[in-house]
Amino acid sequence: MEGRVGTAQSYLKAKSSFLDFLLETNIGGTESIWIESIDNILIGRYNRYLLSRGLVRNSISFYNRVLRSIYNKAVKQYHLVDKRPFDQVYTGVDKTINRAIRESTIAKLLMLDLSYDKSLEMVRDLFVFSYAARGMAFVDIAYLKKANIHGDYISYCRKKTGARLEIKIESQIGRLIKKYTNPNSRYVFPILDDISSDDEQEVYRHYQSKLASFNRKLKTLASMVDESLKLTTYVARHSWATAARNTNIPMSIISEGLGHKSERTTRIYLASFDGSLIDEANVKLLKRIRYLLVSMKETNNGLVD
C-alpha cells in the first residue's frame, strides 16, 4: 500500500512540474497536451526549462523517469506509436554528493541575531527544526498539520514515499513549534497559511514558490557564517544522517530514522528494534548541538580562552 502511495505522489509531482512547464512556456496555450504531441524536441525543451529553474541532474532525471513511465503506459494502453521521446535526455542516477555541514556550523547559525529580519529568522529556525526532527524534508514541514501532533510525538507520512514516521518532540523541537504555530491555522508552521484554496494542484504550486524563496534565503544565511557554505533544504537531512553516522549510531537505525522505505533488507533487520532507540539516537545529536552552542557563547563572553 505504501509503495502505491509513493508512486502516486511521484506521478502527481511530475505531472505538476510538466503542467507548469506547459503553462509558463505557453505551449499550445493550455495546461494539457495530447500524448501524440510528445516528442524528443518537447522533452528537450522541458529539460532546459528544469535546468533554468536550478534543478540538479538527479532531480531532472527523476521527472524524466516518471514521465517516461506515464508515457509508456499511455502508448501501450491506447496502441500509439512510440516516439521514444526520452531517449536523448538523462534518466540515470548520479552518485549523491555529500551535502552535510558540521554541527559547529549549525551552532553558528543558531547564534545569529536575526531579530531584525523575521522572515530570515524563520528560515533559520525551520532549517534547525529539520535537523532536530531527524532531517524532516521541507515538503513534510510545510504540510505538517496540528493533527499530526499526538502528545509528545509528531506522527506523519512522508510525501515522497508514504512511509509513516514518529518523532519524539524534544525541547528544541517543542520550542520551535510553540514559536511559530498560529492558533487559527491547521498547519504547524506558517508556510501554506496564506492560501485558502483546497485545490491540491494550487496548494502544491504555492508550496513550490515557498520552497524557492526558502532556498534563496538559505543562501543568504550561508554567506553570513561562511562564504563557501552551500545551504539548501536537503542539507539539514544529509547533516543529520552524517552526524548520526559519525556518532557511531548503527546504519539500520539511521535508515529507519530517515524513513528510507526502499531499503528492504534494513527494514527486515529493523523489525526487532524498538522505536525508542531512534529517539535516543536523536537525543545524542541534539545534546551535541547544545554543548557546542554553550561553548561558543562562553567563548564570546570571554569565559573561555
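This briefing looks at one helix pair, two buried residues and one cavity. The model is predicted, and the points below should be read with that in mind. Helix H5, which covers residues 118-132, appears in two of the topics, since it meets helix H7 and also gives residues to the lining of the largest cavity.

**Helices H5 and H7**

- Two packed helices are described by the angle between their axes and the distance between the axes.
- For H5 and helix H7, the latter made up of residues 171-180, the axes come within 10 Å and cross at roughly 145°, and the crossing is left-handed.
- On the H5 side the residues that take part are Glu121, Met122, Asp125, Phe129 and Ala132, and they meet Ile173, Leu176, Ile177, Lys179 and Tyr180 of H7.
- Sorted by class, this contact between H5 and H7 has 7 nonpolar and 3 charged residues, with no polar ones.

**Glu121, a residue of H5**

- Glu121 has its place in helix H5, and it counts as buried because its relative accessibility is 12%, which is under the 20% limit used for that word.
- Leaving aside residues up to four places away in sequence, Glu121 touches Leu114, Lys179 and Tyr180; of these, Lys179 and Tyr180 are also listed among the H7 residues that meet H5.

**Val139, a residue of H6**

- Val139 lies in helix H6, which covers residues 138-143, and with a relative accessibility of 17% Val139 counts as buried.
- When residues up to four places away in sequence are not counted, Val139 touches Lys159 and Tyr207.
- Val139 and Lys210 are 71 residues apart along the chain, while their C-alpha atoms are separated by 9.9 Å.

**The cavity**

- Rolling a probe the size of a water molecule over the atoms shows where empty space is left.
- The structure holds 1 cavity of 30 Å³ or more, and the largest cavity has a volume of about 40 Å³.
- The residues that line the largest cavity are Leu126, Phe127, Ser130, Met136, Ala137, Phe138, Ile141, Phe214, Thr233 and Ala236.
- The elements that give two or more residues to this lining are H5, H6 and helix H9, which spans 233-246, and H5 gives the most, with 3 residues.
- By class, the lining of the largest cavity divides into 8 nonpolar and 2 polar residues, with no charged ones, whereas the contact of H5 with H7 includes 3 charged residues.

Notes
Residues numbered from 1 in each chain as written. Predicted model: local features only at pLDDT ≥ 70, side-chain atom pairs only at ≥ 80, totals over all residues. Heavy atoms only, no water. Helix = DSSP H or I, 4+ residues; strand = E, 2+ residues; numbered from the N terminus. Buried < 20%, exposed > 50% of the residue type's maximum accessible area, 1.4 Å probe, protein only. Contact = heavy atoms within 4.5 Å. Axes fitted to C-alpha atoms, helices over the stretch in contact; angles between N-to-C directions. Left-handed = near helix turned anticlockwise from the far one by under 90°. Nonpolar A, V, L, I, M, F, W, Y, C, P; charged D, E, K, R; others polar. 1 Å grid on protein atoms, 1.4 Å probe; cavity = no way out; pocket = protein on both sides within 12 Å on 5 of 7 lines; lining within 4 Å. Points joined across faces, edges and corners; volume = space filled by probe spheres on them.
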